[in-house]
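Let's take a walk through this structure together. Keep the sequence beside you as we go.

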Amino acid sequence: MNFSEVATSGPQFFTLVPWVVFFPIVGLLVNMILGGRMGEKAIGAVACLASGLAFVVSILQAVSLVGHPEGMVVPLADWITIGELNLRWAFRVDTLSVTMMLVVSGVGTLIHIYAVGYMHEDVRHNGDPGRFRRFFVYFNLFIAAMMVLVSGDNYVMLFVGWEGVGLCSYLLIGFWYEKGKDGIGNAIAGKKAFVTSRVGDFGFLIAAFIMFAFFRSLDFETVFAKAGAVAAATPWAITAITLFMLLGVTGKSAQLPLYVWLPDAMAGPTPVSALIHAATMVTAGVYLIARSHPLYVLVPGAQSTVAWVGAATALFAATIAVGQFDIKRVLAYSTISQLGFMVAAVGMGAFVAGMFHLVTHAFFKALLFLSSGSVIQGVERGQHHVEHDPRLKKQLKNQGNEFDPQDMRNMGGLRTRMPTTFWVYLIGALALAGIFPLAGFWSKDEILAGSNAFNTWIYGILAVAAFFTAFYMGRQILMVFLSEPRSPAAEHAEESPPLMTVPLIVLAVLSVLGGALNLPGVDSFGNWLEHTIKLGQAAVEAGGFNLGVALLSTILALVAIFVSWWLYDRRFREMQSLPAAKRPDDPLRSVIGPVFTGMEKKWWVDELYAAILLNPYIALSRFLADVVDWRFWHDWFHDVLIVGGYNLLTRLLSVRIDLGGIDAFANGLAAATQNLAARLRRVETGYVRNYALAVFVGAVLILGYLILR
Amino acid sequence: MLPVAYYIGLSAILFTIGALGVLIRRNPIVIFMSVELMLNSANLAFIAFARAYGEMTGQIFVFFIMTVAAAEVGVGLALIVAIFHTKQSIDVDQMNSLKG
């Protein structure tokens, strides 16, 4: 650790770091304000340039870090100052955050370029070309929010980015909000993602509150410095913080039990799935744990909880991926499974291995998603071709009324029709399966070696998950690209334009070479991260290379691929001779029967959640709305009690008090006066003699009085 | 010389006859005559006392009363003529416009 002598050398661009956020914001503002008058090409160029410039800034940060590995905190502004709470808007440049910046902006830029080609076709296919601009505004917003997340210097800034990416995820899942099942399927998927993540965000917030209660600060620097002292004084506080943080991680990084939103999130356009739901946003949880490592290493209980959650997720999601027919859903469950690997790794304390897998996974999973997008559009083009060719049209008769271009049972034989896509897909799949010497091999084996040293059970679970991974990827390749075309659309599928295939090729190269980041023995990535994740030598080495583990996992992967070949090539061909009615839709179904149905139905987790959480919740809210709010508060309390009581009171006041009291008094007075007058008027006879008599009598009386007094 | 009481008694009788005439009769001419009778009974009383006490004041009052009576009759007759013009009658019982 004697890099102090080089610490003063090399160029330094740390103060440029706010531009990783500003460039995407400028890009989105330009597209938002001026985009209406710009063409698709200009909009795409602005968005790609914004993301690309953020990448350039990230590279400059990395270059600066070579000379100054201790990094720097670049304060931008004071944000919140209330009493003891003092939050700055500050950017943290260290090896961990710059790694994330490079992945986000690098992979992000490639996906931006791909999306220009993809969305050009997608907006036309879905019939609203005007949404091209909106897509790139959201995309740049996502990059900005993700950059805030990874570069924030305190937990609140991280949380702002955390929520920002959640918002973009919601907006982009529901991008075609009027499409999907029953016209609201996509909107529901977006809502599900948002609400499920919210459960996790609640955990994050509670963790932040507890943290402030005990540390009186939310800055990384201060919290980590005090961690040891707080752990000695109140150990349960650190446990609570780390476990609540884990809840946040399960929400954002799609771990058990909150993973259910991610498969549905595939409703978004494919570049969204690649960027947000595979490469970057969902890894935020892994980043959070890696960033909070000084807290996690203090509580082994929380660490093993994290590891178990990750391992269980890895296996559980991998089994579901085997039974899926939607090409993107397979990848979605695969993503959940791989995120499980990463979470397990950071849980075990193998932070370097986890981050390494995060990076390589970003490469090959983005590649796989983007290629699947290319496949889907290729099949859509084939379908379009068949529908508009009078001679081919009659082939569509026995096809169902709704053609699903994402269903792998409609594909097959795409190898010759989409060669570029096939090759990059194959590279991505092999990298994911962990075949030597592709990127996934190195990172996954580092995790497996770490788990071998940590806990044999977890190692076993992860090894089985890795076996399933290789199996479902083999199944997918065989179903999609090899064998014979299974639909007219697949037979007439066409390759995608270069705007889409070039980023694929770049990602494929990265997927091949990504392992070079952290080759065993060289450990360049480990040494790089060591400047930030200071665990001492032993913990970092725990994630090192283990030849036995590597051999075993390679053999497992090869066996899995062989099994998939046997089932989906040999068995599939044999099954073609059976009559159509007796032919199962998947060769595996004939082997394991009900287990496959369980996999296909996702182990009924959605149904289980619906039964134990959702339906009671809906019933409760319906009860609250219909009975408590409407019938009790509105109908009874408001209408009967308040309105009725008020009516009663006003009636009492108007009839009894006003009419019966005040009016009656005034009227009675008038009537009495009238009555008296009517009696008195009789005196006024009009006859002069009466008046004279009155005067006479009066005079007599007065005189009589005077005399007789 | 006769005592004053005799004069006073005659004056009272005359006044009473006059008052009854005013109250009972319906002809305004007769009523005026009755009023004159009452005024003159008062005159008689004044004269009687003036003579008994040897004072001139009572005598002077009589002159005033005569003047007032003459003026009253003038006004009263003018009223009667005016009423006759409008109602073609001078019966006091017909003149009950003040009836309530």
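**Open helices and a tour of two chains**

Of the 21 residues of α29(A), the number buried is zero, so this helix lies largely in the open. A residue is called buried if 20 or more other C-beta atoms lie within 10 Å of its own, exposed if 12 or fewer do, and partly exposed in between, with C-beta atoms placed from the backbone. Helices here are DSSP runs of H or I with at least four residues, strands are runs of E with at least two, and both are numbered from the N terminus.

A word on conventions: this is a predicted model, in which local features need pLDDT of at least 70 and side-chain atom pairs count only at pLDDT 80 or more, while totals for chains, interfaces and linings use all residues. Residues are numbered from 1 along each chain as its sequence is written, and chains are lettered from A and ligands numbered from 1 in the order in which they are written.

Back to α29(A), which covers residues 688-708 of chain A. From its first C-alpha to its last it reaches 30 Å, close to the 30 Å expected at 1.5 Å a residue; the expected span is 1.5 Å times one less than the number of residues. Chain B offers a helix to set beside it: α3(B), residues 57-87, has 31 residues and reaches 44 Å, close to the 45 Å expected. None of it is buried either: of the 31 residues of α3(B), the number buried is zero, so α3(B) lies largely in the open. Just after α3(B) comes Gln88(B), with a positive phi near 55°.

How do the two chains meet? Ten residues from chain A and eleven residues from chain B take part in the contact, where two residues are in contact if their C-beta atoms, placed from the backbone, lie within 7 Å. On the side of chain A that touches chain B, there are five nonpolar, two polar and three charged residues. In this scheme Ala, Val, Leu, Ile, Met, Phe, Trp, Tyr, Cys and Pro count as nonpolar, Asp, Glu, Lys and Arg as charged, and the others, Gly among them, as polar.

Now turn to a pair of helices within chain A. Helix α2(A), residues 40-67, packs against helix α4(A), residues 131-151, at an angle of about 5°, with their axes 10 Å apart. Axes are lines fitted to C-alpha atoms, for helices over the stretch in contact, and angles run from 0 to 180 degrees between N-to-C directions. That angle makes α2(A) roughly parallel to α4(A); the word applies under 35 degrees, with roughly antiparallel over 145, roughly perpendicular from 65 to 115, and oblique for the rest. Among the residues making this contact are Ile43(A), Ala47(A) and Ala54(A) of α2(A), and Phe132(A), Phe136(A) and Ile143(A) of α4(A). The residues of the contact divide into nine nonpolar, three polar and two charged.

Next, a hairpin. Strand β1(A), residues 72-82, runs antiparallel to strand β2(A), residues 85-93, and nine bridges join them; two strands pair if DSSP finds at least two bridges between them. Two residues lie between the strands, and Gly83(A) in the turn has a positive phi of about 55°. Across the pair, Val74(A) has Phe91(A) as its bridge partner, and Pro75(A) has Ala90(A). Of the eleven residues of β1(A), the number buried is zero, so β1(A) lies largely in the open. One of its residues, Leu76(A), counts as partly exposed, with 14 C-beta neighbours inside 10 Å. Leaving out residues up to four places away in sequence, Leu76(A) touches Pro18(A), Trp89(A), Ala90(A) and Phe91(A). The C-alpha atoms of Leu76(A) and Gly698(A) are separated by 110 Å.

The loops hold some backbone details. Between α8 and α9 of chain A sits Pro257(A), and the peptide bond leading to Pro257(A) from Leu256(A) is cis, with omega near 0°. Ala254(A) belongs to that loop between α8 and α9 and has a positive phi near 55°; Ala254(A) is buried, with 32 other C-beta atoms within 10 Å. Another cis bond joins Phe436(A) to Pro437(A), in the loop between α18 and α19 of chain A. Trp604(A), in the loop between α27 and α28, also has a positive phi of about 55° without being a glycine, and is exposed, with 12 other C-beta atoms within 10 Å.
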